[in-house]
Amino acid sequence: PMSRVGTAVAIRKFKKDTLSISKMLDFGSLNEDMAKLIRALVLLHRNVIVSGATSSGKTSVLNALSSFIPGNERVIVIEDATELQLQQEHILPFETRKPDKNGNGEVTIRDLIHSALRLRPDRIVIGEIRGGEALDLLQALNTGHAGSMSTIHANSPLDCLRRLETCALLSGIDIPLSALRSQVASAVNAVVHTSRLSDGTRKIVAISEVMPLDSGDYRVMDLVRWRTSHFTPDGKLEGNFEIVNAPTFIEESAIAGIELPQAK
């Protein structure tokens, strides 16, 4: 009703069958090496943020990532509006609530995170980080809730960490920037970056590990990234996924019996 041209309606309609890693492989959104890396990150309880621009497929990728969560783990899902479709048995979904006409009864993501910590979750999955709840999530990730996941709007893996920092500052809690950056760098272990390319295809264009701060600045190390080579005559992008660096968790993966991609 606020639109000058009349009522505007937006409908987000999700398929009943969720996007799986195997379907993403068929679509060319990632390759086998990336699937192995993602599986290792989830099984090793690394905290993962899926970043990307609007309509780049962040929620769908988060759904696919969550398929690697073992069925015996207790997962608490917190969202503004229900979009995630996790298939595990022990799922406890929460949804925020708007205030009534008198301004009462509002329940925010920050409220739900506080409540979730009392429910003994093995993992916390948050639909999207948009504001001050980022600080509460960072606190949770740094206090024993490893293996948690969320999404955030960002233009690159490095920008993802800066956006997390900005959102945490919106919490209204006065915290030194150096301390906040230290929390971000220690809480987030990896960033899976998605993109909607110029030919309309959606791909995971980078999987990056978050490294310790360097002179107070964020550092990320790309493990795999997409490299565009050329356009075909019909306007399609051609390229390949390339392994850039070996992950830091090779030894842990070997102990756990988790397969990692081999450097070419």
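In this predicted model, the residues of helix H7 that are buried are covered by elements that include helix H5 (133–141), helix H6 (157–169), strand S7 and strand S8. Helix H7 itself runs over residues 177–187, and its buried positions are Leu180, Val184, Ala185 and Ala187. An α-helix has 3.6 residues a turn, so residues that stand three or four places apart point the same way.

Helix H5, one of the elements covering H7, is in turn largely enclosed by the rest of the structure, because eight of its nine residues are buried. These buried residues are Glu133, Ala134, Leu135, Asp136, Leu137, Leu138, Ala140 and Leu141. The cover over them includes helix H4, strand S4, strand S5 (149–153), helix H6 and helix H7.

The surroundings described above belong to a chain with eight helices and nine strands. For its 264 residues a compact globule would have a radius of gyration near 18 Å, and the value of 19 Å found for the chain agrees with this expectation. The C-alpha trace spans about 60 × 50 × 40 Å along its principal axes, and 45% of the 264 residues count as buried. Among contacts in the chain with a separation of 6 or more, 58% are accounted for by residues that lie 24 or more positions apart. The exposed area of the chain comes to about 13900 Å², of which carbon and sulfur atoms supply 50%. As for charge, the chain carries 30 positive and 31 negative side chains, and the centres of these two sets lie 5 Å apart.

A buried position in a strand is provided by Thr194, which is found in strand S6 (residues 190–196). With a relative accessibility of 1%, Thr194 falls under the 20% limit and therefore counts as buried. Its side chain is joined to that of Ser56 by a polar contact of 2.9 Å. When the neighbours within four places in sequence are left aside, Thr194 is in contact with Val50, Ser51, Gly52, Ala53, Ser56, Lys58 and Val61, and also with Lys203, Ile204 and Val205. Ser56 thus appears both as a polar partner of the Thr194 side chain and among the residues in contact with Thr194.

Two loop residues other than glycine were found to have a positive phi. Arg120 is placed in the loop between helix H4 (109–116) and strand S4 (123–126), and its phi is near 50 degrees. Because its relative accessibility is 56%, Arg120 counts as exposed. Helix H4 and strand S4, which flank the loop of Arg120, are also among the elements that cover the buried residues of H5. Ser215, for its part, is found in the loop between strand S7 (202–214) and strand S8 (217–231), with a phi near 55 degrees. Ser215 is likewise exposed, with a relative accessible area of 74%. The two strands on either side of Ser215, S7 and S8, are included in the cover of the buried residues of H7.

Towards the start of the chain, Met2 lies in the segment before helix H1 (21–27). At a relative accessibility of 80%, Met2 counts as exposed. The C-alpha atom of Met2 is separated by 45 Å from that of His45, a residue 43 residues apart from Met2 along the chain.

Key. Residues are numbered from 1 along each chain as its sequence is written. This is a predicted model: local features need pLDDT of at least 70, side-chain atom pairs count only at pLDDT 80 or more; totals for chains, interfaces and linings use all residues. Side-chain values use heavy atoms; hydrogens and water are left out. Helices (H or I, at least four residues) and strands (E, at least two) are DSSP runs, numbered from the N terminus. The radius of gyration is taken over C-alpha atoms; the globule rule is 2.2 Å times the number of residues to the power 0.38. Buried means under 20% relative accessible area, exposed over 50%, partly exposed in between (1.4 Å probe, protein chains only). Contact means heavy atoms within 4.5 Å. Accessible areas come from the Shrake-Rupley method with a 1.4 Å probe; for residues, only the protein chains shown count as cover. Lys and Arg count as positive and Asp and Glu as negative; His and the chain ends are not counted. The place of a charge is taken as NZ of Lys, CZ of Arg, CG of Asp or CD of Glu. A polar contact is a pair of N or O atoms within 3.5 Å; within protein, one must be able to donate a hydrogen and the other to accept it, and residues adjacent in sequence count only if both atoms are side-chain atoms.
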